[in-house]
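The following exercises are to be worked with the sequence and the structure at hand. Each task is followed by a solution in steps.

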Amino acid sequence: MKPISLASGYGNFSTPPTVLARIQQHLANQPLPHSATAGLPELRNALRLRYSGLQTDENSTHELVVTPGTKAALFLALSAVLRPGDEVLLLTPNWFGFAELVKAAGGFLRELPLSPTDNYALRPEAVRAALTPRTRVLLFSNPNNPTGRIYTRPELEALLAVTAQFPELFVLADEIYDGIRFGEEAVPSLLSCSTAPRSVVVNGFSKSHALVGWNIGYLAAARWIADACTARLFTTGGAVAVLSQLAALETVENPAISAALCQQLWLNRQLMLNFLAALPGALSHPPLGTYYAFPDLRAYLLPHLPLPEASADLVARLLAAGVEVVDGTSCGAPGFVRMSYAVASSELQEALRRLATVLR
Ligand SMILES: Cc1ncc(COP(=O)(O)O)c(C=O)c1O
């Protein structure tokens, strides 16, 4: 039996037709524009308009740099601010990609576990207690990969009230899923909160804007950080391919693309949530963002095995039944699994049927 993968972080999204039309237009009108290392001015201006706190003139505290994907934005930003011996405090559960990025940028990772029963709430006193003089960066994704939790503006403001007391600390929010949300309210950007100069935001186009394979992202940071990132990009790679930048520009100017994506995901989300609702205690709070569910499957673990081994065993049993999922151990939460529903509906239905043969 060929396994169905619910493990990929990239959805089954096609490039939106308006993007294809725009790209074809540019290909017909050669030569392509030249891009400065930090990105095409029209893309950077369009992005600036997304953030209310970000001015377009020389008074702006933050600057934007277009990067070859969000991973690159994270790496550049972390490399710019981390000093030898610095640590990065990571809200957990977390995206498994962060650990290697922090290591590659020279930092030491420390996790701050959040509780599923508390809907992964960010308790200011817990954050304060976890920060040390060595903590240079507080890192999280909003909406969170893998939990799907969206942190609200009051929660972010409460967080910033704590971090403001640590003058050496940067708050780095990865907002790559900010267009994939199913509640009433838009996802608040860290940059739209009472902006501290030490807030850094990274974002990208491969999730919320359906630009899978175009490898483009950006960062917004204090000017000195943005300048350091641009200089590093200039030395190590250069500007992002202009066709990718023009594709990204189309998605920024056309918010209907993200809205259509959420609509496209709606039924699959319902299928997934209905399935998980039938597993007692698996999902006490439905995720409002991303296209993942992160159920607690600890009730299905073999009790005699240590937790990480038991988690790996469950993932292996699910694979043997024909479904590939991400082991929550890689996200700092053994016994949980991450399942994407950004797949074809027919595949999802069959995957859920197969999962039910193990989870019953
Ligand atoms: C939270 C998060 N950040 C960054 C990335 C990588 O994004 P990109 O494809 O833009 O490099 C991912 C991909 O899964 C992700 O989940």
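**Exercise 1.** In this predicted model, identify the residues around the ligand and state how they divide into nonpolar, polar and charged.

*Solution.* Step 1: collect each residue with a heavy atom within 4 Å of the ligand. This gives Tyr10, Gly69, Thr70, Lys71, Trp95, Asn145, Asp174, Ile176, Tyr177, Ser206 and Lys207. Step 2: sort the shell by residue class. It divides into four nonpolar, four polar and three charged residues.

**Exercise 2.** Which ligand atoms lie opposite polar side-chain atoms of Tyr10, Asp174 and Tyr177, and how much of the ligand does the protein bury?

*Solution.* Step 1: examine the oxygen atoms of the ligand. A polar side-chain atom of Tyr10 lies 2.6 Å from a ligand oxygen atom, and one of Tyr177 lies 2.8 Å from a ligand oxygen atom. Step 2: turn to nitrogen. A polar side-chain atom of Asp174 is found 2.5 Å from a nitrogen atom of the ligand. Step 3: consider the surface. The ligand taken alone exposes 400 Å², of which the protein buries 94%.

**Exercise 3.** Describe the division of the chain into domains and the contact between domain 1 and domain 2.

*Solution.* Step 1: locate the domains. Domain 1 comprises 4-13 + 257-359, and domain 2 comprises 17-252. Their C-alpha centres lie 26 Å apart. Step 2: count the contributors. Domain 1 brings 30 residues to the contact and domain 2 brings 33 residues. Step 3: assess the area. Together the domains bury about 2,500 Å², 66% of it on carbon and sulfur atoms. Ile257, Leu288 and Thr290 supply 23% of the area that domain 1 buries against domain 2, more than any other three residues. Step 4: count the polar links. Between the domains there are zero salt bridges, but nine residue pairs are in polar contact, both at pLDDT 80 or more.

Definitions and conventions:
Residues are numbered from 1 along each chain as its sequence is written. This is a predicted model: local features need pLDDT of at least 70, side-chain atom pairs count only at pLDDT 80 or more; totals for chains, interfaces and linings use all residues. Side-chain values use heavy atoms; hydrogens and water are left out. A polar contact is a pair of N or O atoms within 3.5 Å; within protein, one must be able to donate a hydrogen and the other to accept it, and residues adjacent in sequence count only if both atoms are side-chain atoms. Accessible areas come from the Shrake-Rupley method with a 1.4 Å probe; for residues, only the protein chains shown count as cover. Ala, Val, Leu, Ile, Met, Phe, Trp, Tyr, Cys and Pro count as nonpolar, Asp, Glu, Lys and Arg as charged, and the others, Gly among them, as polar. Domain bounds come from an automatic or database domain assignment. Contact means heavy atoms within 4.5 Å. Buried area is the accessible area (1.4 Å probe) that two parts lose on being put together, summed over both. A salt bridge is a side-chain nitrogen of Lys or Arg within 4 Å of a carboxyl oxygen of Asp or Glu.
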